[in-house]
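Student: I should like to learn how the features of a model such as this one are to be read. May we go through them in turn?

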Amino acid sequence: MLVKYANRLNSGRSETYSQLMETATGRVLLQDNGTLNNARWMQKSSKFYFTRTGSAGTELIAVDPSNMREEILAENLPKGSFNFSPDETFLLFSVEEEGPQEGPDLKRVLEPNDRLPGFRKRSLIWRYDLATGLYEQLTYGYHTTYINDVSQDSRFLLFSTTETVYTSRPHGRSSLYMLNLLTMEVDTVWEKAPYIGRTAFSPDGKQLMVLGAAEAFGGIGVNIAEDQISNSYDGQLFIYDLATKTAKPVSREFDPSVTGAAWNKYDKQIYLLAEDQDRQQIFRCDPVKGKITPLVVTEDVISSYTIADQAPVLYYYGQSASNANRLYAYDLKSNKNRLVNDLSAERLKDVRLGEVHDWDFVMEEGSTIQGRYYLPPNFNPDKKYPLIVYYYGGASPTNRMLEARYSMHMYAALGYVVYTLNPSGTTGFGQEFSSRHVNAWGKRTADEIIYGTEKFCREHSFVDDKKIGCIGASYGGFMTQYLQTRTDLFAAAVSHAGISALSSYWGEGYWGYGYCSVANADSYPWNNPELFTEQSPLFHADKIQTPLLLLHGSADTNVPIGESIQMFAALKLLGRTVEFIQVEGENHGITAYKKRIGWQNTIFAWFDKWLKDQPAWWNDLYPERNL
């Protein structure tokens with residue numbers, strides 16, 4: 001097993017190192033901070049390989065882990081990323097080419113996506129034969145070609161292209177081709193198919209594993225009410241038979257949302273990674289019977305997993321609400337876990353976390369809304385605590401990770417009770433539930449957040465219902481703004497990268513029209529102006545009374561900073577309490593270390609000011625100025 005580690009130091013610098021580990025015992029055979037960091041496994045010989053700079057250019061090195069002997073497989077290797085063929089006789093390169101450019105001062109924007117950096121570049125597939133050194137181009141054309149998979153006999157290459165169709169939803173269409181690497185004949189599997197994502201061969205090469213939305217293959221995977229539109233962020237699994245050219249919707253009755261999958265060569269089962277409500281779990285799927293069962297894992301949120309090709313062994317790492325990442329070996333026959341490495345043992349040895357409790361409620365129409373709450377360390381049930389409410393962004397659930405951008409324990413440690421919920425529209429709760437996200441923009445979600453918060457306060461006497469704050473980012477930032485147009489429940493609100501007007505967001509950001517093809521499917525300002533105005537907080541800014549903090553990266557290409565600028569201007573003209581903090585040079589997420597610390601402290605200080613009546617931290621960060 002190759003295990004790679006990353007450590008973020010207090011200075012903001014990162015260090016990485018890797019270990020070669022014996023799976024049977026967990027014994028570390030080699031630790032390295034150089035060559036192993038880019039090492040990967042070869043499929044046939046069970047050697048690992050890496051590249052390095054040698055006297056004759058880039059060298060490809062294979063290492064036998066049993067004796068650590070190195071072998072130079074190739075010298076003066078071409079540039080670009082590559083994959084080994086299963087039989088280890090050739091490499092497949094993805095080679096990037098520059099597209100046509102205009103002069104430096106004026107650029108003709110050919111289509112909306114032409115605004116994206118690198119849009120005119122394309123990647124094509126080349127093959128490098130290790131025996132002869134022959135380097136030949138396999139794909140040509142205007143569109144980028146993506147390597148999907150190579151059959152186990154190394155005879156067939158599965159590759160795809162994508163094409164944008166602006167005039168109908170969805171705007172992305174996928175074409176899949178199968179290239180016979182012996183005869184160079186190409187078979188078309190499908191052309192310009194909507195809602196299809198990743199594909200891979202079955203171990204015998206007769207079927208394909210396909211990930212996509214429920215609407216793929218003519219909608220055979222759709223499982224929603226008649227009056228709903230499917231949420232295409234809700235991932236589904238299909239099996240496609242190459243001989244009959246027919247697809248089978250495997251996960252149609254499976255409520256978790258599929259985020260990843262691998263068809264295991266050893267036991268011929270498919271292993272899924274899927275959002276299961278506020279958890280992310282691993283499931284085993286029998287491709288013949290279509291039965292899906294969960295693995296008995298020990299963490300709430302599995303981040304990643306990998307399966308041995310020649311043994312019943314799976315490794316995974318993940319974390320839960322109150323612990324950091326842990327690495328496990330999983331025996332696929334006995335279904336037993338073995339802890340290999342526990343990062344929490346070191347990272348949290350001197351950290352005291354408060355308790356976490358599940359708390360769900362039922363809406364009047366019968367929907368169960370899942371949630372949980374975090375208590376401060378040294379919690380005293382006889383005290384009154386301010387409350388912070390957090391909700392999802394996009395359509396993904398607020399999962400149970402400890403290490404997250406908005407870690408609930410951080411806020412609880414500052415003396416808050418923190419309540420988070422997964423309202424209607426969230427993926428991982430079934431297709432009907434996630435489809436409530438489409439063409440809603442807060443209609444149902446806001447009611448559930450308000451109802452749930454009020455009910456939570458009534459049922460928990462330790463909450464001060466006069467000191468409630470709320471926070472969200474992206475779609476959650478939109479929800480923060482929209483909630484303030486609907487209620488005076490909150491004493492303070494924080495919107496990070498929030499959408500204030502659908503009418504500007506849908507076409508301005510890099511992702512705007514693409515995200516809106518899901519969130520407001522087939523609705524545009526010209527055919528559904530009511531949605532774009534009535535559900536936009538900006539058009540109801542005069543209803544906002546809550547002190548509102550707007551945070552935004554100045555280089556945000558997803559939700560442009562203008563969304564916060566116009567809400568800030570509106571509330572200033574209305575004489576309302578609003579603050580606007582730009583994080584210079586940052587995009588949709590704040591990633592630069594020092595800026596991230598300042599951004600987080602700004603949020604903490606804002607809540608201190610309004611929920612604890614302690615303005616000192618805020619005043620220290622942002623003293624009053626006379627301009």
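**Salt bridges, a sheet and a pocket**

Tutor: Glu136 and Arg127 form a salt bridge, with their closest N and O atoms 2.7 Å apart. A salt bridge here is a side-chain nitrogen of Lys or Arg within 4 Å of a carboxyl oxygen of Asp or Glu. This is a predicted model, in which local features need pLDDT of at least 70 and side-chain atom pairs count only at pLDDT 80 or more, while totals for chains, interfaces and linings use all residues. Residues are numbered from 1 along each chain as its sequence is written, and side-chain values use heavy atoms, with hydrogens and water left out.

Student: Is Arg127 buried or exposed?

Tutor: Buried means under 20% relative accessible area, exposed over 50%, and partly exposed in between (1.4 Å probe, protein chains only). Arg127 has a relative accessible area of 13% and is therefore buried; Glu136, at 25%, counts as partly exposed.

Student: Which residues are joined into one network by salt bridges that share partners?

Tutor: That network consists of Asp278, Arg279, Asp300, Asp358, Arg372 and Arg400. The structure holds 33 salt bridges. One of them links the side chains of Asp114 and Arg120 at 2.8 Å, N to O, and both of these residues are buried.

Student: How should the strands of a sheet be read?

Tutor: Strands of a sheet pair through backbone hydrogen bonds, either parallel or antiparallel. Strands are DSSP runs (E, at least two residues), as helices are (H or I, at least four), numbered from the N terminus; two strands pair if DSSP finds at least two bridges between them. In this model, three strands form an open antiparallel sheet in the order E1-E2-E3. Its edge strands are E1 (2–8) and E3 (28–32), each pairing on one side only. Strand E2 (residues 14–21) pairs with E3 over four bridges, and Met21 stands opposite Val28 in E3.

Student: What lines the second largest pocket?

Tutor: On a 1 Å grid over the protein atoms alone, a pocket is an open set of points with protein on both sides within 12 Å along at least five of seven lines, and lining residues have an atom within 4 Å of a point. The second largest pocket is lined by 49 residues, of which Asn113, Thr162, Thr164, His171 and Gly172 lie nearest its centre. Helix H8 gives the most to this lining, with five residues.

Key:
On a 1 Å grid over the protein atoms alone, a cavity is a set of points where a 1.4 Å probe fits but cannot get out, and a pocket is an open set with protein on both sides within 12 Å along at least five of seven lines; lining residues have an atom within 4 Å of a point.
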